[in-house]
Amino acid sequence: MAMWKRWTRKRQEDDDDVADELRSHLSIQAAEQSARGAGAQEAAAHARRELGNTTRIREEIYEQARWTPLESFVADVRFGARLALKTPVWSAAVIGSLTFGIALATKAFSLFYSLLLKPLPYREPEELVTIWTLAPKTNYPRLNASPANWRDWRESNRVFTDIGIVKSSYNYNLAAGGEPERIRGARISANMLSVLRVRPFLGRAFTPAEVDRDAPLALIGFGLWTRRFGSDPSVVGRKIDLNGRPVEVIGIMPEGFAFPSRDFELWAPAYIEPAVFEARVDNDYQAIARLKPGITMARAQSELSVITRRISAAHPALEIWLGRQDVLIEPLLATTSEEARRPLTVVLMSVMALLAIACLNAGVLLSLRASSRARELALRSALGARTGRLVSQLFGEIVPLAFAASLGAVLLSFLLVRLAASYLPINFPRIEQVGVHEPVLLFSLAVCLSVLLLVGLVPGMQIARQNQSAALGGNSRSVTGGSRMRRVLMVAQVALSLTLLLADGLLLRSLANLFEVHPGFSTEKVLTAHFVVSRARYKDDAQASAYLDSLVRRVRNIPGVTAAGIVNRLPFSGTAQTGPIEFASRAEAGPIDTDWRSATPGYFEAIGIPLLRGRLFNANDTGTSLRCGLIDEQLALRMFGSVDAVGQRFRMAAGSFHGEWTTVVGIVGHIHNDGPGADPRPQIYLPETQRMQDRAALVLSTSGEPMTFANRVKQAIYEENPGQALYDVKSMRQWLKDNLQSRSTVSFLLGVFACGSLALACLGLYAVLADSARQRTREFGIRLALGATQSRIASLLLREAGTILLAGSVAGLALASLSVRPLRSFLFGVTEFDGVTLLTVPLILAVTALAAAFKPALSAARTDPSEALRTE
Amino acid sequence: MSEEKLELLQGTLDLLILRTLQWGPQHGHGIAQSIRARSEELLQVESGSLYPALHRLRRDGLLQSEWGTTDNNQRAKFYSLTKAGKLRLAAEESKWKLFVKTVGRVLRPQE
């Protein structure tokens with residue numbers, strides 16, 4: 001900095017020196033003239049004339065001083081910045097487009113990386129894999145592992161250092177001074193932590209012996225430790241109340257340990273009864289293994305496949321309903337990121353389209369400015385300005401824009417990170433690790449800057465070289481090179497925008513369709529609350545079901561509650577508690593996969609599942625009475641057709657495990673259990689008194705707004721059992737919305753991008769048309785003078801807009817048909833070539849383009865012919 | 001094309017300046033007059049191109065400059081040859097002689 005000041009000062013001094021020198025030349029010359037007899041004034045004037053333009057001489061000498069490249073660069077940049085400030089609207093448009101594009105692209109990339117690509121936070125994470133079971137006869141593409149398979153794999157494999165299992169479907173009531181809280185927990189095998197190579201940072205892990213005897217021990221998570229126990233190290237060794245049972249805390253897991261996912265805060269031993277091993281059932285455990293160093297996944301896959309098929313063949317009874325079992329091994333990272341993968345890919349692709357549009361837009365705007373300065377550039381080039389100098393100056397004009405855009409993009413990116421937290425679906429895994437990923441930011445900036453350079457310099461250079469003579473000739477009509485490129489850029493923008501709009505249109509329609517699906521139960525005026533029954537407190541089934549009944553009674557008595565009941569799992573709770581059943585009189589049909597549910601009598605009325613034949617559960621269905629159950633109409637129709645299914649008998653049948661024979665006492669409506677869009681299975685219901693479940697969801701129908709009853713419900717439950725923790729107290733509508741949240745978010749984001757791209761395309765179109773109108777001013781003037789109407793002139797310009805729009809739409813449709821593939825899994829109720837979308841979207845595009853073309857067309861029509869013909 | 005023309009003039013002017021200064025330091029006005037005189041008024045050196053040439057030669061290290069006073073007690077900047085300047089002059093002179101001889105040979109009628 002100081003050096004620069006010195007340098008500038010020296011140059012100033014040198015220039016003063018030259019001025020002195022020239023003055024001395026003048027006085028010497030003048031003296032000479034005087035000596036020859038001329039008057040003083042005449043002599044001086046003669047001398048000045050003879051020397052010529054002193055300023056030019058000084059300039060030339062000044063220029064001789066070799067500028068350091070940095071100096072001339074800085075000067076060019078300053079000049080460029082001044083130029084940019086002189087045209088604020090144009091500059092704002094360029095900077096705005098790029099900022100928007102870069103920031104969004106960075107955010108999307110960062111998300112993609114954080115959620116899908118970043119390695120898991122375990123040691124040597126690339127060695128960790130999930131082992132899925134494949135059971136071809138079931139309808140599931142893949143299953144979790146059964147404990148029996150796990151044991152056999154461990155014994156016979158040579159490719160893994162170890163295999164651990166985890167069952168993650170546990171909820172615990174924690175009552176530790178203060179409000180009872182529901183903690184999500186997982187049961188893990190003794191070796192699970194060593195497979196992951198993680199250790200508790202205080203205390204220790206379970207031993208195999210402790211797991212085998214189902215010891216009442218637990219590991220707690222760092223967050224839980226801080227939140228409930230005040231980071232007190234003496235918690236280790238202390239007993240805490242979990243589900244009414246005293247459990248000893250033997251260790252605390254390190255901060256950031258979120259296994260199998262973010263919500264889990266407690267880990268207990270995975271005690272498995274010998275009977276479960278025997279029966280080879282309970283495919284409810286996620287098997288995670290660590291590959292031995294040097295073993296590839298392909299090798300592990302083939303070896304384990306052979307082992308599994310051999311084991312499967314050795315148990316023919318299982319093969320009846322599972323088929324020959326096989327395995328699928330995938331990296332743990334893929335398993336963890338599964339849910340986020342498809343939505344993120346769609347978001348990423350659309351953001352890339354938006355970025356492309358932003359770059360194209362910047363290109364169009366830069367190109368417009370370049371051609372408006374074509375004459376100036378050409379003139380300078382003809383006068384001998386070095387090409388290098390011109391390039392350097394153009395570069396200098398781009399740099400301030402690039403700098404402003406980069407700064408804006410960085411700021412916007414960080415802002416988006418804050419916003420993202422509140423907008424992203426809550427069930428995205430690893431969401432706690434989302435941030436702005438620096439390499440991604442740099443990459444986006446680099447891409448944009450290079451595009452900027454390309455689009456900024458190339459047209460400038462082209463124009464300067466090509467149009468030297470033409471531009472100097474003065475007729476601006478001949479500067480057409482840039483305008484053709486701009487049209488192409490505009491067509492590309494329109495095409496991309498159309499693709500985005502179409503994609504979003506399809507998504508929105510799918511979403512609307514999903515919301516409209518009647519899932520078989522009421523979604524309005526229904527309140528739900530979840531809890532877990534403490535079996536330590538309600539030891540046997542009779543006590544537990546009595547507890548549930550009194551809870552229901554209390555809630556039912558709340559004024560405004562029209563019905564209340566309990567089921568073990570609500571619809572839209574994910575796929576769980578499913579299994580095969582068989583009917584006594586339809587043995588040949590084989591077992592059928594169904595959802596198993598346990599419910600209290602009031603459940604069906606509360607949630608709005610209709611009774612179609614027979615009766616619902618009532619108070620007479622106790623633990624000791626006849627085993628009874630309800631089946632849904634889909635199952636009844638499928639198994640018995642028009643024959644009345646009431647009175648038929650069925651039982652659960654999974655491999656060698658058989659439930660008790662149960663008599664059908666009623667037929668209820670079928671529901672979409674997995675989600676509004678999916679419908680894979682029928683349901684069967686058993687009374688809670690006969691099939692007690694720890695997990696419970698209270699359902700009540702209300703006369704008014706469901707959430708207004710929440711406090712009263714909490715109060716009622718508190719009166720029955722103050723230690724009962726409740727969670728997920730929501731209206732059914734909210735429950736449905738949460739289920740569709742991932743989809744909604746993607747549709748929303750895509751909508752934002754589509755609107756953004758539309759706005760940018762409009763901007764570009766406006767600029768191009770305005771420029772075109774200006775270029776054609778002479779032509780319009782002539783036409784008007786020759787008698788054309790104003791509307792004719794306007795229509796000429798509109799035709800230009802129309803051509804771009806048409807070409808863009810055609811290209812856009814072609815592009816859309818190619819790129820709609822990843823969307824297929826999101827579509828519901830619409831095909832890719834949905835008529836409604838295909839009609840409305842181009843219409844929206846046309847209307848917006850018309851709006852953009854409006855002002856230029858209007859001013860074109862208002863051209864004053866005499867003005868037009870006069871100006872050049 | 002225009003660039004070449006300039007260069008030729010530039011090179012020739014440089015040579016003339018160096019030659020003029022061979023006999024001792026001189027200021028800009030004096031150099032111009034000297035060239036005019038020696039070429040018998042045929043070569044009119046424009047002061048406008050003289051001064052940039054002088055400064056360029058100085059930057060290139062062939063001349064050095066110093067403020068001084070003329071015979072008429074007027075302040076002026078005097079230029080003189082540096083060692084490098086003397087060497088360059090010798091080199092340019094022989095190049096010029098060779099140039100003249102070669103062109104002359106081409107232009108001479110066949111013998």
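This report describes a predicted model, taking in turn a helix, the nonpolar cores, the contact between two chains and one loop residue.

**Helix α13 of chain A**

Helix α13 of chain A runs over residues 332–372. Its 41 residues, at 1.5 Å a residue, should span 60 Å, and the end C-alpha atoms lie 57 Å apart, so the expected and computed spans agree. The helix is not straight throughout: α13(A) bends by about 65° at A:E338. Most of α13(A) is covered, with 31 of the 41 residues buried.

**Nonpolar cores**

The largest nonpolar core has 91 residues, and within this core A:L98 and A:F753 touch the most other members. The element that gives the most to this core is α13(A), with 18 residues. As a general background, nonpolar side chains in soluble globular proteins tend to be buried together.

Setting aside neighbours within four places in sequence, A:F753 is in contact with A:L104, A:V347, A:S350, A:V351, A:L354 and A:L500. A second core, separate from the largest one, has 28 residues, among them B:I17, B:I35, B:L50 and B:Y51.

| Core | Residues in core | Members named |
|---|---|---|
| Largest nonpolar core | 91 residues | A:L98, A:F753 |
| Second, separate core | 28 residues | including B:I17, B:I35, B:L50, B:Y51 |

**Chain A against chain B**

Where the two chains meet, 21 residues of chain A are in contact with 19 residues of chain B. The size of an interface is often given as the accessible area lost when the parts come together. Chain A and chain B bury about 1,800 Å² between them, and 50% of this area is on carbon and sulfur atoms. On the side of chain A, the residues A:E21, A:I28 and A:Q64 supply 32% of the area buried against chain B, more than any other three residues.

How many salt bridges are counted between chain A and chain B? The count is 1. The side chains of A:D17 and B:K77 meet in a salt bridge, at 2.5 Å from N to O.

**A loop residue, A:G677**

A:G677 is found in the loop of chain A between β19 (662–668) and β20 (683–687). Is A:G677 buried, partly exposed or exposed? A:G677 counts as partly exposed because its relative accessibility is 43%, given that the partly exposed class lies between 20% and 50%.

Leaving out neighbours within four places in sequence, A:G677 is in contact with A:L514 and A:F828. A:G677 and A:V517 are 160 residues apart in sequence, while their C-alpha atoms are 7.7 Å apart in space.

Methods
Residues are numbered from 1 along each chain as its sequence is written. Chains are lettered from A and ligands numbered from 1 in the order in which they are written. This is a predicted model: local features need pLDDT of at least 70, side-chain atom pairs count only at pLDDT 80 or more; totals for chains, interfaces and linings use all residues. Side-chain values use heavy atoms; hydrogens and water are left out. Helices (H or I, at least four residues) and strands (E, at least two) are DSSP runs, numbered from the N terminus. Buried means under 20% relative accessible area, exposed over 50%, partly exposed in between (1.4 Å probe, protein chains only). Contact means heavy atoms within 4.5 Å. The expected span of a helix is 1.5 Å times one less than its number of residues. The bend at a residue is the angle between axes fitted to the seven residues ending there and the seven starting there. A nonpolar core is a set of buried Ala, Val, Leu, Ile, Met, Phe, Trp, Tyr and Cys residues joined through side-chain atoms within 4.5 Å. Buried area is the accessible area (1.4 Å probe) that two parts lose on being put together, summed over both. A salt bridge is a side-chain nitrogen of Lys or Arg within 4 Å of a carboxyl oxygen of Asp or Glu.
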